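This report goes through one protein model, from its interior to its surface. Please keep the sequence and the structure in view while reading.

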Amino acid sequence: MWSNNSLSPFLLTGFPGLESVHHWISIPVFVVYFSVILGNGTLLFLIKEDNNLHEPMYYFLAMLAGTDLLVTLNTMPTVLRVLWLDEREIGHGICFSQAYFIHSLSFVESGVLLAMAYDRFIAIRNPLRYRSILTNSRVVKIGVGAFLRGFISVVPPIVPLHFFPYCHSHVLSHAFCLHQDVIKLACADVTFNRIYPMVLVSFIFFGDSLIILFSYLLILKTVMSIASGEERNKALNTCISHICCVLVFYVTVIGLSLIHRFGKHAPHVVHITMSYIYFLFPPFMNPIIYSIKTKQIRNGILRKFSLHRFRA
């Protein structure tokens, strides 16, 4: 009985109790997905094409935009398929792969935000050696390190999913696959799959956020020692965009964690909505934050628009 049931596909879930208005819900969801792709795609194009943005700070920003784009492209097909077509079935292999990339990319994003904090730390604490410390090769190594940490660390809990029998209900609680949803359906000892992710999440998210906080305390100490008020403001302004992105990311992480931990009696739609906020709000906001707060990005966008208008 287990083997037959284990071969049955999983069933994704949209918004329970609101199936009749899924088509209407899909409109704002699609708009957000489209905005995320447009915003992050524009940032990547701008950083690639504009020589004025060929600096370590913007290379790290390109990594952040690329990560956000990958997260979006990973969840978008199944979400829109459920909301538009009510096609809920998903094969085990595809589901596990989606879960792998979702969780890996979350850790990658945390790593990239940490790398961006290091970039700001060097730029303000040691500006004269900034270019010699953050060479192109070192930026690449840091980026590769962030990606490898995310993608390798998630392998241990994902691999066992392929071997577990699934004899419970095959209904998942979201329109995309998450590790914590899948293991609830497994009829096996999932102790490792419960403990390892908790330790990993605590180590990566808590560790990265502490290092980022400590780096900004040192940055603040350096900035406060600058005699000129104008120079102090200029130094702080270079950090504002990154601080906003860090807050957006970690506030949504904390919010999602609190809902899962203490919101057991909250309506299921609240859990689902919070998950969408976690996966869509940071990728949606990051291009907006950098476009508004970073003068070089604004000028780059204006230059591109002016150039296209002149050519037309």
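A residue is called buried when its relative accessible area is under 20%, exposed when that area is over 50%, and partly exposed in between. The model described here is predicted.

**Salt bridges**

The structure contains four salt bridges. Three of them are described here, including the pair formed by Lys48 and Glu49, whose closest N and O atoms are 3.1 Å apart. Lys48 has a relative accessibility of 60%, so Lys48 counts as exposed. Its partner Glu49 counts as partly exposed, because its relative accessibility is 34%.

Another salt bridge joins the side chains of Asp119 and Arg120, at 2.8 Å from N to O. Is Asp119 buried or exposed? With a relative accessible area of 1%, Asp119 is buried. Arg120 is buried as well, with a relative accessible area of 8%.

A further salt bridge links Asp208 with Arg149, and here the closest N and O atoms are 2.6 Å apart. Asp208 belongs to helix α9 and Arg149 to helix α6, so this pair ties together parts that are 59 residues apart in sequence. Asp208 is buried, because its relative accessible area is 3%. Arg149, at 25% relative accessibility, counts as partly exposed.

The table lists these pairs with their N to O distances.

| Residue | Partner | N to O distance |
|---|---|---|
| Lys48 | Glu49 | 3.1 Å |
| Asp119 | Arg120 | 2.8 Å |
| Asp208 | Arg149 | 2.6 Å |

As background, side chains of opposite charge can pair when their charged atoms come close.

**The nonpolar core**

In soluble globular proteins, nonpolar side chains tend to be buried together. The largest nonpolar core of this model has 88 residues, and the members that touch the most other members are Phe10, Leu61, Leu113 and Tyr166. Which elements each supply at least two residues of this core? They are α2 (22-49), α3 (56-85), α4 (92-125), α5 (130-133), α6 (136-153), α9, α10 (229-262) and α11 (268-293). Helix α4 gives the largest share of the core, 16 residues.

Ile133 is placed in helix α5. Its relative accessibility is 10%, so Ile133 counts as buried. Along the sequence, Ile133 and Ile122 are 11 residues apart, while their C-alpha atoms are 8.0 Å apart in space.

**The nonpolar surface patch**

Nonpolar side chains also form a patch on the surface, with an area of about 1,000 Å². The patch is made by Leu18, Val21, Trp24, Ile27, Phe30, Val31, Phe34, Leu38, Trp84 and Leu85. Two elements, α2 and α3, give two or more residues to the patch. The largest share, six residues, comes from α2.

Trp24, one of the patch residues, is found in helix α2. At 63% relative accessibility, Trp24 counts as exposed, because the cut-off for that class is over 50%.

**Charged patches**

On the surface, Glu19, Asp86, Glu87 and Glu89 gather in a patch of negative charge. Glu19 sits in the loop between β1 (10-11) and α2. Its relative accessibility is 46%, so Glu19 counts as partly exposed. Asp86 is found in the loop between α3 and β2 (89-90). What is the phi of Asp86? Asp86 has a positive phi of about 55 degrees, although Asp86 is not a glycine.

A positive patch is formed on the surface by Lys184, Arg194, Arg261 and Lys264. Lys184 lies in the loop between α8 (179-182) and α9 (191-224). At 55% relative accessibility, Lys184 counts as exposed. Lys184 and Gly41 are 143 residues apart along the chain, and their C-alpha atoms are separated by 36 Å.

**Summary**

The predicted model holds four salt bridges, and its largest nonpolar core has 88 residues. Its surface carries a nonpolar patch of about 1,000 Å², a negative patch that includes Glu19 and a positive patch that includes Lys184.

Notes. Residues numbered from 1 in each chain as written. Predicted model: local features only at pLDDT ≥ 70, side-chain atom pairs only at ≥ 80, totals over all residues. Heavy atoms only, no water. Patch = residues over 30% accessible without salt bridge, like charges linked within 9 Å, V, L, I, M, F, W, Y side chains within 5 Å. Areas by Shrake-Rupley, 256 points an atom, 1.4 Å probe, with all protein chains shown as cover. Lys, Arg positive; Asp, Glu negative; His and termini not counted. Charge placed at Lys NZ, Arg CZ, Asp CG, Glu CD. Helix = DSSP H or I, 4+ residues; strand = E, 2+ residues; numbered from the N terminus. Buried < 20%, exposed > 50% of the residue type's maximum accessible area, 1.4 Å probe, protein only. Core = buried A, V, L, I, M, F, W, Y, C linked by side-chain atoms within 4.5 Å.
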